[in-house]
Amino acid sequence: MVEQKNYMDQHNKSLSVIEDKADDEQEAVKEYVAGIENNIEYFKEWSAIYMTQRDIARAKVAQLEMKVQQLLNIIKQNQ
């Protein structure tokens, strides 16, 4: 009977250690996933800023192209 109790105590301790390790690993995975989610949000924000800057640059290029075309038309008229 004492041996059975010792065996059960040892078994319960082993289970406790395994559960603690599983909890630690689960917490580590949660932290890793949270880090990935933060990276995703960062890149979404960066992408939005990049696209805005790209759109602004395209608009400026279009304005400059129109001005160049106007100047070319003026040059042709003066010739």
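Colleague: Why does Glu-41 count as partly exposed?

Modeller: Glu-41 has a relative accessibility of 41%, and the classes used here are buried for under 20% relative accessible area, exposed for over 50%, and partly exposed in between, with a 1.4 Å probe and protein chains only; Glu-41 therefore counts as partly exposed. This is a predicted model, in which local features need pLDDT of at least 70 and side-chain atom pairs count only at pLDDT 80 or more, while totals for chains, interfaces and linings use all residues. Residues are numbered from 1 along each chain as its sequence is written, and side-chain values use heavy atoms, with hydrogens and water left out.

Colleague: What makes the contact between Glu-41 and Lys-44 a salt bridge?

Modeller: A salt bridge requires a side-chain nitrogen of Lys or Arg within 4 Å of a carboxyl oxygen of Asp or Glu, and the side chains of Glu-41 and Lys-44 meet at 3.7 Å, N to O, so the pair satisfies the rule. The two residues are about one helical turn apart, because they are three residues apart in helix H1, where a helix is a DSSP run of H or I with at least four residues, numbered from the N terminus. Lys-44, at 52% relative accessibility, counts as exposed.

Colleague: Which residue forms a salt bridge with Asp-55, and how do you know?

Modeller: The partner is Arg-54, since the closest N and O atoms are 3.4 Å apart, which meets the same rule. Asp-55 is partly exposed at 41%, and Arg-54 is partly exposed at 29%; the count of salt bridges comes to two.

Colleague: Why is Leu-64 called exposed?

Modeller: Its relative accessible area is 53%, and the class begins over 50%, so Leu-64 is exposed. Leu-64 is found in helix H1, residues 2-78, and lies 74 Å from Ser-14 in space, C-alpha to C-alpha, with the two being 50 residues apart in sequence.

Colleague: How do you know that the protein is more spread out than a compact globule?

Modeller: The protein has one helix and zero strands. Its radius of gyration, taken over C-alpha atoms, is 34 Å, well over the 12 Å that the globule rule gives for 79 residues, the rule being 2.2 Å times the number of residues to the power 0.38; the protein is therefore more spread out than a compact globule. Along its principal axes the C-alpha trace spans about 115 × 10 × 5 Å, and buried residues make up 0% of the 79 residues.
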